[in-house]
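Colleague: Please take a close look at the empty space inside this model, and at what surrounds it.

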Amino acid sequence: MMIRMEILFCTSEAYPLVKTGGLGDVSGSLPQAISALGNDVRLVLPAYPAALEQAGGLETVASLTLEGSAEAVNILKGQFPGSDVVLYLVDAPVMFRRAGNPYVQDDGSDWPDNAARFALFNRAIVALATGQVDAGWRPQVVHCNDWQTGLVPALLSQLPARPATLFTVHNLSYQGLFPGSTLSTLGLPSALWTMDGVEFHGQLSFLKGGIAFADRITTVSPTYAREICTPAFGCGLEGLLQYRADRLSGILNGMDCNVWDPQNDPHIEKHYTVHTLQYKAVNKAALQREMGLPQDAQAMLIGHIGRLVEQKGVDLILEMLGDLFPHPVQMAVLGSGDEKLERRLVSAAGRYPGQLAVQIGYDEALAHRIEAGSDCFLMPSRYEPCGLNQLYSLRYGTVPIVHRTGGLADTVTDLNDKSARDYTATGFVFETDTPEAILNACLRALAYFQSARVNWWKLVITGMKRDFCWTASAAQYVDVYRALCQHQSQAQAPQALRASQAG
Ligand code: ADP
């Protein structure tokens, strides 16, 4: 029998309310998939202006006095857009009602009061998690995501009766590190300040709060779960992660198959399916026109979208362009982030007119058109916890060319003799994060693109038929929740007995 569980899903972003990267996509779609499996899942995030604007009708269900805020913190309740998922917004105007990015100022530097902002968010979550808000609604499991909610498991661990906690690491290198003195400035319990607690080489680590204190830890792909236990990927936390390895597992991210669907995508020129793949060429021509590239059907068009940061390996792409562009290849790049990388990309576009088109900025609709119009999609990430664009690419019949790391390794099957023969190949995978390896993989893709079309279409269709929608992964989360609930009820039964005997 299916038992309905109450889950509080805690996140600092959720598409379409607010999104800076993959966490936003996941938080916007996973709760709905968990709800569809028969659970009462509720989402909590800060009341940023964009979230307040788009959330629709909201009522105030509590006005909390919390340490760290001179003003009352209101908890607003509504409905997550387009779903039956309950939405809570933590409204602390001084902290969250700011225009722009949730984490950084216009010049790209962190908001100077991020520790106070997210500590307050975490305290509000603890109030929600312990039944102090909304007529005593009490979740059985509190599911936290990334450093912005990392203090929640730590704070809850200090309470005698508490819900179970799950902490999901979407990217280990964003740790929420602040000076050690922040612990007392924020009035956090000194008991948390230990080497196996929130202390990280004299600094306060929000992320460690999640990893050290949560009952279970997940990350967003099985390969990344193994990688982060090694010094090369562990960001200094590999020792703790090895210690907690029996509580750590990887669950692959799914994708929102309603938002990313070439058959229904409102952003693209012409809809298509595996049966009408000829229309992909219409999208390619439209993208070439939009990006100012020659409308050449024979040129292999490679797309790339992402945050311009070292992780994503755009610098490696820049280094191999000189060897790539003597070949009939075009590239369409969309990204924003590091200003130096932005400048280098723009200047490269000037050097290779007609072959490299660069759009600096964040543009959700153009991202869809690049997925639909490109022949291939390049992801040379140095590390990639899961990666979503390769999943979108597969669904859009755009062949991924990826570095064998993290979720990229788990989701793309390299083309070789065997995988070509048994129709399991979905893309091109390279082993090292070097310009040479990226170039070789692109040229391998080009050779295949130029060979018999029937082979290329087989590769495309195999990818389009892979199912990365949420159903399977959401069921794995539900299994984790269920195990947590069982464990919690067993652990709390003796406590309750002791309490009743004492009473
Ligand atoms: P990460 O979370 O590390 O940024 P993911 O691949 O998991 O990487 O998710 C990135 C998400 O953000 C994708 O949906 C991608 O399309 C989107 N994205 C990143 N940069 C841009 C941009 N400049 N314009 C539009 N969408 C972007």
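Modeller: The answer below goes from the chain as a whole to its cavities, one pocket and a helix pair.

This is a predicted model, in which local features need pLDDT of at least 70 and side-chain atom pairs count only at pLDDT 80 or more, while totals for chains, interfaces and linings use all residues. Residues are numbered from 1 along each chain as its sequence is written, and side-chain values use heavy atoms, with hydrogens and water left out.

The chain has 19 helices and 18 strands; helices (H or I, at least four residues) and strands (E, at least two) are DSSP runs, numbered from the N terminus. With a radius of gyration of 24 Å, close to the 23 Å that the globule rule gives for 503 residues, the chain is as compact as a globular protein of that length. That radius is taken over C-alpha atoms, and the rule is 2.2 Å times the number of residues to the power 0.38. The C-alpha trace spans about 80 × 50 × 45 Å along its principal axes.

Now the empty space. There are 2 cavities of 30 Å³ or more in the structure. On a 1 Å grid over the protein atoms alone, a cavity is a set of points where a 1.4 Å probe fits but cannot get out; a pocket is an open set with protein on both sides within 12 Å along at least five of seven lines, and lining residues have an atom within 4 Å of a point. Grid points are joined across faces, edges and corners, and a volume is the space filled by probe spheres set on the points.

The largest cavity holds about 70 Å³. Its lining consists of Y15, D25, G28, S29, G254, M255, D256, V259, W260 and Y392. Helix 1 (residues 22-36) gives the most to this lining, with 3 residues. By class the lining of the largest cavity has 5 nonpolar, 3 polar and 2 charged residues; Ala, Val, Leu, Ile, Met, Phe, Trp, Tyr, Cys and Pro count as nonpolar, Asp, Glu, Lys and Arg as charged, and the others, Gly among them, as polar. Y15, one of the lining residues, is joined to P16 by a cis peptide bond with omega of about 10°. P16 is in the loop between strand 1 (6-10) and helix 1.

S29 and D256 appear in the lining of the largest cavity, and they are also among the residues nearest the centre of the second largest pocket, together with Q32, A33 and N258. That pocket holds about 350 Å³ and is lined by 20 residues. Helix 1 and helix 19 (471-502) each supply at least two of them, and helix 1 gives the most, with 5. The pocket lining divides into 13 nonpolar, 6 polar and 1 charged.

The second largest cavity holds about 30 Å³. Around it are S393, L394, G397, T398, V399, P400, T426, L459, V460 and G463. Helix 14 (389-395), strand 17 (399-403) and helix 18 each supply at least two lining residues, and helix 18 gives the most, with 3. This lining has 5 nonpolar, 5 polar and no charged residues.

Helix 18 (residues 453-465) also packs against helix 17 (residues 435-450), at an angle of about 120° and with the axes 7 Å apart. Axes are lines fitted to C-alpha atoms, for helices over the stretch in contact, and angles run from 0 to 180 degrees between N-to-C directions. The two helices are therefore oblique to each other: angles under 35 degrees count as roughly parallel, over 145 as roughly antiparallel, 65 to 115 as roughly perpendicular and the rest as oblique. A445, Y448 and F449 in helix 17 contact (heavy atoms within 4.5 Å) R453, N455, W456 and L459 in helix 18. These residues divide into 5 nonpolar, 1 polar and 1 charged. L459 takes part in this contact and in the lining of the second largest cavity.
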